[in-house]
Amino acid sequence: MGIMNDLQCGYLIGRNSGMPLGGVSCHAYFEFECGKIDVSKLSSAWEKLFHIHKELRSRYCDGSVIECDGLPPNSKVEYYNISDSSKEEQDKFVARFREKRSHRMLDVENGQCTAIALIQLGEEKNILVFDWDLIAGDVRSFLNILEQLACLYENEKSEFNIVDSENLLLKRKEIAKTCRELAKSIIEEDAEHYPVLVTLPMLNLPDKLSGCTYLAEDRWIEQKLWKRFQKKAKEYQIPTEILLMYAFGSAFLDITKDNGILINFPSFQRSGSEAENVGDFTDIKLVPIYNEVAESTSERINRLKKYYDRLSSFSGYPVTKIRKKLLKMHPDSTSIAPIVFSPMLDVPLVSDRFKKNFGKLAKMLSQTPQVWLDVQSFVLDGMLYLSIVYPQEMFSQRLVKKIADGYEENIKKLIG
């Protein structure tokens, strides 16, 4: 038996409909348009993943992670053959299926943290549906599952470098202990000046909302521009994801006119021994971006780099402690760092192997409890895929579109 970390416990709490912006799970949903699929090979590959990763066959409840006796029912592929139906009937079936699954709460307390379904539309036309509750593992984890599924489908004897995740996370905790005092001193010095006020126009206040439906405003940065942006980050000697954060933060502040924004930044970076594992290896930082209009772009980026370098000097410091400190300092604040900036740039969202064996991504939907905006960045087909996920009951599409437009425009401005 293992112990859930603060983030996993937060995901469970967020399911409570009595919480502001609660009543939902931290959930990702994907549809892939596929050609001919060997159902037997798919079933075998999917089940093998449950033998490989104990996180897929565990129960997440009451602060504990408990391995199930045997494999859970969701280790079997769900199969729906509607190939004899008309095109109109097929479209209706897929739409109903999507509506039911895309925002559902998987039964993680009874070992259901992921599932896969195959909808057969014709002999060589299928839809593969995958969904995942992030209580079992971070964004890198479910990308690993998709890639490993493709490997096992291609070659059932594929082997992976899987190390016991619990031991790896214990090593992370030991490393965090060595820099705990440094983390405390940095937080003590910086937190007093953190910008926590967010004056974003709302349709409804978050404490009045629960069980929301989430939409996404998407943008694409073509491959040539994306490569130039990466080159620009090297010129500034700043990580690419932090330069992206600057582009977003500046667009956000252009709208709110606040003196700054405190961004919730989950880092999904892993060591080589952690790379192929499933688990929550997220290291969360609260990163301030200040709205110093008198400063040049270079000065503002260097200021952000300075703060990020300070925060990077320690790891594993509980973000809940920082939030509690800030809530005491700002008791009237409606939320602390409710904007999440979550980039996954070092591996593609869908690999070439996955596309070869299954097909291309057709639809992606996600949600996160108690988060106002989830700003996601992925690499797909060599391009940068930007997605701002938001509760439609809280923000207008027009507002989020304006933020996304400004974000995209700032990326292009930085490229020059």
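This report describes the nonpolar cores, three helix packings and two unusual backbone positions of a predicted model.

## Nonpolar cores

In soluble globular proteins, nonpolar side chains tend to be buried together. The largest nonpolar core of this model has 72 residues. Within this core, the residues with the most contacts are F248, L373, Y407 and I411. Helix α8, which spans residues 240-256, gives the most to the core, contributing ten residues.

Which residues does F248 touch, leaving aside its neighbours within four places in sequence? The partners of F248 are I263, I339, F341, V375, I388, I403 and Y407. A second core of 52 residues is separate from the largest one, and F30, L134, Y153 and L361 are among its members.

## Helices α8 and α12

Two packed helices are described by the angle between their axes and the distance between the axes. For α8 and helix α12 (residues 397-415), the angle is about 130° and the axes lie 8 Å apart. An angle between 115 and 145 degrees counts as oblique, and α8 is therefore oblique to α12. The crossing of these two helices is right-handed.

On the α8 side, the contact is made by L243, L244, Y246, A247, F248, S250, A251, F252 and I255. On the α12 side, L399, K402, I403, G406, Y407, N410, I411 and L414 take part. Sorted by class, the contact between α8 and α12 comprises 13 nonpolar, three polar and one charged residues. F248 of α8, as well as Y407 and I411 of α12, belongs to this contact; F248, Y407 and I411 are also among the residues with the most contacts inside the largest core.

## Helices α7 and α12

Helix α12 also packs against helix α7, which covers residues 223-236. The axes of α7 and α12 come within 9 Å and cross at roughly 65°. In this case the crossing is left-handed.

Four residues of α7, namely L225, R228, F229 and K232, meet I411, K412, L414 and I415 of α12. By class, five residues in the contact of α7 with α12 are nonpolar, none is polar and three are charged. I411 and L414 of α12 meet α7, and I411 and L414 also take part in the contact with α8.

## Helices α2 and α4

A further packed pair consists of helix α2 (residues 39-52) and helix α4 (residues 139-154). Their axes come within 9 Å and cross at roughly 125°, so α2 is oblique to α4. The crossing is right-handed.

From α2, the contact involves K41, L42, A45, W46, K48, L49 and I52. From α4, the contact involves I145, Q148, L149, L152 and Y153. The classes represented in the contact of α2 with α4 are nine nonpolar, one polar and two charged residues. Y153 of α4 is part of this contact, and Y153 is included in the second core.

## Residues with positive phi

Most residues other than glycine have a negative phi. What is the phi of Q237? The value is near 55°, which is positive although Q237 is not glycine. Q237 lies in the loop between α7 and α8. With a relative accessible area of 63%, Q237 is exposed, because residues over 50% count as exposed.

Q370 also has a positive phi, near 65°. The place of Q370 is the loop between β12 (359-367) and β13 (373-380). Q370 has a relative accessible area of 31% and is therefore partly exposed, since this class lies between 20% and 50%.

Conventions
Residues numbered from 1 in each chain as written. Predicted model: local features only at pLDDT ≥ 70, side-chain atom pairs only at ≥ 80, totals over all residues. Heavy atoms only, no water. Core = buried A, V, L, I, M, F, W, Y, C linked by side-chain atoms within 4.5 Å. Buried < 20%, exposed > 50% of the residue type's maximum accessible area, 1.4 Å probe, protein only. Contact = heavy atoms within 4.5 Å. Axes fitted to C-alpha atoms, helices over the stretch in contact; angles between N-to-C directions. Parallel < 35°, antiparallel > 145°, perpendicular 65-115°, else oblique. Left-handed = near helix turned anticlockwise from the far one by under 90°. Nonpolar A, V, L, I, M, F, W, Y, C, P; charged D, E, K, R; others polar.
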